[in-house]
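Reader: Hi, I'm new to this one. Can you put it up and walk me through it?

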Amino acid sequence: MSLVGMCYDRRIASREMDDNGLVPSAMFVIEKLQKKYNRYKIEGVADNTFCAVNIKSSKKFEVDLVGKTCACRVWQLTGLPCVHACAVIRPRREPWIRYVSHYYTVESFRATYAGFIFPLENEEDWGKLGEADRVLPPPHTAQPGRPKTLRIREEDEAEPSSNRRCRKCGEPNHNSRTCLARQVAKEKARKEKAKKDNTAKRKEVAGQLNVNVQQQKKKARVPTAPQTATVRSSSRGGRSGRGGRSGRGSGFGRGDGSGRSMNWWLGGGDLPATQ
Ligand SMILES: [Zn+2]
Ligand SMILES: [Zn+2]
């Protein structure tokens with residue numbers, strides 16, 4: 001049903017209602033509740049305050065007829081008397097309208113639908129808008145800076161609170177990513193890695209040196225033996241200066257680092273597996 005039709009129908013229906021009465025929906029609720037009046041025993045407390053005691057459960061509900069309140073709070077919330085209030089009011093044989101919010105009166109109902117709403121014409125019959133009548137949004141211009149993502153708080157609003165703590169050290173105001181303890185550990189790991197890399201590089205250089213020596217040896221093997229000896233001594237000298245270090249720490253030398261294994265590499269004399 002359209003809003004226009006609904007307002008009309010209710011306006012007509014309200015003509016049939018009792019001028020000084022309540023709307024049918026309110027009366028329906030009250031009729032239902034007042035049938036349960038014999039479930040409560042009424043005790044007087046003050047002039048307009050009573051106590052409704054449930055006969056079965058002995059639960060008590062204080063009903064104030066002037067303030068229109070009940071301890072169960074249904075009366076205050078709905079504006080219609082609750083079952084306890086109905087049990088108190090019924091024997092008094094007073095009009096219910098005295099104990100009901102004025103929004104449930106026929107008078108209010110009529111006032112609600114007193115105005116008229118006229119229907120709109122069909123869309124096809126609406127006038128056409130010219131291009132000049134069209135309302136467009138203003139052109140968008142990007143403002144400098146990153147758009148804000150934090151809500152602007154009221155002046156009396158509390159600062160955002162958080163009990164989050166760093167998982168690494170347990171301190172507030174930072175997280176494990178920005179933790180100082182983590183950064184220290186990272187720096188340490190970085191240094192260790194650099195050291196390792198350095199060692200590996202040295203090994204490589206030493207290995208390269210060995211290859212060079214072998215190549216030199218190959219070349220040297222073609223001529224006579226005395227020349228081999230020259231090569232040997234010269235390369236050995238170079239190794240004791242530089243490669244000796246790597247032979248110590250990394251186990252590269254495979255021997256005792258004294259140059260004995262180097263002799264083997266060079267094909268001169270001692271066998272490697274003599275230790
Ligand atoms: Zn109640
Ligand atoms: Zn931390």
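Reader: Let's start with a detail. Is lysine 68 buried, exposed or partly exposed?

Author: Partly exposed. This is a predicted model. In it, lysine 68 has 17 other C-beta atoms within 10 Å. A buried residue would need 20 or more, and an exposed one would have 12 or fewer, so lysine 68 falls in between.

Reader: Where is lysine 68 found?

Author: In the loop between β3 (60-64) and β4 (69-70). Those two strands form a hairpin with four residues between them.

Reader: What is phi of lysine 68 near?

Author: Near 50°. That is a positive value, and the residue is not a glycine. Most residues other than glycine have a negative phi.

Reader: OK, on to the sheet. How many strands form it, and in what order?

Author: Four, in the order β1-β2-β3-β4. The sheet is open and the pairing is antiparallel.

Reader: Which strands stand at the edges?

Author: β1 and β4. Each has a single partner strand, so one side of each is left without a neighbour in the sheet.

Reader: Take the pairs in turn. How many bridges link β1 and β2?

Author: Five. β1 covers residues 40-44 and β2 covers residues 49-54. Glutamate 43 has cysteine 51 of β2 as its bridge partner. The two strands are joined by a hairpin of four residues.

Reader: And over how many bridges do β2 and β3 pair?

Author: Five, again antiparallel. Threonine 49 stands opposite aspartate 64 in β3. The hairpin here has five residues between the strands. In its turn, serine 58 has a positive phi of about 65°.

Reader: Last pair. What about β3 and β4?

Author: Two bridges, in the antiparallel sense. Aspartate 64 turns up here too: it stands opposite threonine 69 in β4.

Reader: Which side chains of β3 point to which face?

Author: They alternate. Phe61 and Val63 point to one face and are buried. Lys60, Glu62 and Asp64 point to the other and are not buried. In a regular strand, side chains alternate between the two faces of the sheet.

Reader: What's in the largest nonpolar core?

Author: It has 25 residues. Those with the most contacts inside it are Ala26, Ala52, Val63, Ala85, Cys86 and Val88. At least two residues each come from α2 (24-34), β2, β3, α4 and α5. The largest share is from α4, with six residues.

Reader: Pick alanine 52. What is it in contact with?

Author: Leaving aside neighbours within four places in sequence, alanine 52 is in contact with Tyr40, Ile42, Phe61, Val63, His84, Ala87 and Val88.

Reader: Change of topic. Which feature does UniProt place at residues 61-93?

Author: The UniProt record, an unreviewed entry, lists "domain: SWIM-type" there. In the model, that stretch is 36% helix and 18% strand. Its end C-alpha atoms are 21 Å apart.

Reader: Residues 61-93 end at arginine 93. Is arginine 93 buried or exposed?

Author: Exposed. It counts as such because it has 6 C-beta neighbours inside 10 Å. Arginine 93 lies in the loop between α4 (83-89) and α5 (106-112).

Reader: And what is the phi of arginine 93?

Author: About 55°. The value is positive, although arginine 93 is not a glycine.

How values were computed. Residues numbered from 1 in each chain as written. Chains lettered and ligands numbered in written order. Predicted model: local features only at pLDDT ≥ 70, side-chain atom pairs only at ≥ 80, totals over all residues. Pairing = 2+ DSSP bridges. UniProt positions renumbered as here; feature names shortened; annotations may be inferred. Core = buried A, V, L, I, M, F, W, Y, C linked by C-beta atoms within 7 Å. Contact = placed C-beta atoms within 7 Å.
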